[in-house]
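Me: I'm new to this one and would like a close look at a single part of it: the side-chain contacts, with the rings to start. Could you walk me through them in one go?

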Amino acid sequence: MNSISTDIKPKKHYEILDGLRGVAAILVVAFHIFEAFAGGNRFVQIINHGYLAVDFFFLLSGFVVAYAYDDRWGRMTQWEFYKRRLIRLQPMVIMGMIIGAIFYYFQASDILFPQIAGMPIWKLILTMIVGFTLLPIPPSMEIRGWGEMHPLDGPAWSLFFEYIANILYALFFRKFSNKVLGIFILLFAGLLINYTVFGPKGDVIGGWSLNFEQMNVGFTRLLYPFFAGILLSRLGKLIHIKGAFWICSLLIAAVLIIPRIGDENSLWMNGLYESICIILVFPLIVSIGAGGAINNPFSIKICKVLGDISYPIYITHYPLIYWFTAWVVDNKITLNEGCLVGVGVLISSIVIAYLCLKLYDEPVRNWLQSKFQKSNRGS
């Protein structure tokens, strides 16, 4: 018989935080759609800071992980924690890779992805299988040409770092006092400010390639928000105001949509903006969201639906973005010419995410959870 019980009842969700995750996920899709028309120029792109949603997700994740597990370690082993996180995240990672493989040859582009047309299918299948594990692929083995560690589903890079954060939490950070954790968070904030304000780019864009520069960006983006989320949850300093969901949604939209700050000669200005957003504004939004309450059944339903589809949207939309971007670039499509197709991509991303959620993710997770709990009760 296991000496540690795994029959742990799930805690109540923060409905507003669920809803905010969905709002941010939809804005990520919109950001990537507009990105196709910008030609890689961050200074002209509409919905300019959509990539900061990843940093918001890291903060939310740290907050929720601490809330869900900090008081359970006396009844739960590390491996049980890992299994719970794998059950929650891994099924949709696999689905994202499958969708990426299905769309791969439709993304062929003479300009953006010239190697797709001649790519042997065995390499595609091998990349998909490796992608199932979330192990990163080095640039020398990458089958798209963008140097991504997950070339079938680019956003999976953030899940790779999410798993690293969960491992660091389970091994070390859960044991730290708030004072020690706060010292680490100050150091992580310093790393973030040093990179964004004093670094060569003035932003936190990156983290998706297996090389020193990109891995440095990935860890810089991960460490402060994730572990600040843990400390925020532990401190319990929540802000209670009316209309919290709508206020926080507007704040998230404002942060992600605002144009680039400064120009090529003042990169530090945008870096300072992003540091302020990640270090101060995002914790403020989470504090308001976690401290708010919603009693209107309609608002509760909106938050639940947004929360349910947020992760499936994020992890499955990018294969459509590869195709859309290749279509825009190859055919020199303007924003006015491509806006309706862009709306179609957004709607399709939501529909695909919802179908994946209901027909695959929820049934698979329910089956895995049932099997997991049954095996532990009998051990």
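**Rings, charges and a helix crossing**

Reply: Let's start with the rings: the count comes to 32 aromatic pairs. Keep in mind that this is a predicted model. Take F57 and Y314 as one of those pairs: their rings meet edge-to-face, with 5.5 Å from centre to centre and 75° between the planes. The planes count as edge-to-face because an angle over 60 degrees is what that label asks for. This pair ties together distant parts of the chain, since F57 belongs to helix α2 (residues 52-69) and Y314 to helix α10 (residues 297-316), 257 residues apart.

Are these two rings buried or exposed? F57 has a relative accessibility of 15%, so it counts as buried. Y314 comes out at 6%, so Y314 is buried too. The cut-off behind both calls is under 20% relative accessible area.

Rings also gather in a group: F173, F176, F184, F188, F226 and F227 are joined into a cluster by ring pairs.

Some rings have a charged neighbour instead. R144 lies over the face of Y322, 3.5 Å from the ring centre. In a similar vein, R174 has its charged end over the ring of W73, at 4.0 Å from the centre of that ring.

That brings us to charge meeting charge. Side chains of opposite charge can pair when their charged atoms come close. How many salt bridges does the structure hold? There are 11 salt bridges, and three of them are worth a visit here.

Stop one is E35 with R42, a salt bridge whose closest N and O atoms are 2.8 Å apart. E35 has a relative accessible area of 19%, so it is buried. R42, at 16%, is buried as well.

Stop two is D203 with R260, where the closest N and O atoms are 2.9 Å apart. Here the salt bridge links distant parts of the chain: D203 is in the loop between α6 (178-198) and α7 (212-235), while R260 is in the loop between α8 (244-257) and α9 (267-291), and the two are 57 residues apart. D203 counts as buried because its relative accessible area is 4%. R260 is buried too, with a relative accessible area of 10%.

Stop three is R365 with D361, with 3.1 Å between the closest N and O atoms. These partners sit in one helix, α12 (residues 335-377), 4 residues apart, which is about one turn of the helix. Both R365 and D361 are buried. As for networks, K201, D203 and R260 are joined into one by salt bridges that share partners, and that takes us back to the pair from stop two.

Now back to α2, the helix that carries F57. Two packed helices are described by the angle between their axes and the distance between the axes. The axes of α2 and helix α3 (residues 78-103) come within 13 Å and cross at roughly 130°. That angle makes α2 oblique to α3. The crossing of α2 past α3 is right-handed.

In the loop between these two helices, α2 and α3, you'll find D71. With a relative accessibility of 48%, D71 counts as partly exposed. What separates D71 from G118? Along the chain they are 47 residues apart, and their C-alpha atoms are separated by 53 Å.

Definitions and conventions: Residues are numbered from 1 along each chain as its sequence is written. This is a predicted model: local features need pLDDT of at least 70, side-chain atom pairs count only at pLDDT 80 or more; totals for chains, interfaces and linings use all residues. Side-chain values use heavy atoms; hydrogens and water are left out. Rings of Phe, Tyr and Trp (its six-membered ring) pair if their centres lie within 6.5 Å; planes under 30 degrees apart count as stacked, over 60 as edge-to-face and the rest as tilted. Buried means under 20% relative accessible area, exposed over 50%, partly exposed in between (1.4 Å probe, protein chains only). A charge sits over a ring if NZ of Lys or CZ of Arg is within 6 Å of the ring centre and within 35 degrees of the ring normal. A salt bridge is a side-chain nitrogen of Lys or Arg within 4 Å of a carboxyl oxygen of Asp or Glu. Axes are lines fitted to C-alpha atoms, for helices over the stretch in contact, and angles run from 0 to 180 degrees between N-to-C directions. Angles under 35 degrees count as roughly parallel, over 145 as roughly antiparallel, 65 to 115 as roughly perpendicular and the rest as oblique. A crossing is left-handed if the near helix is turned anticlockwise from the far one by less than a right angle, and right-handed if clockwise.
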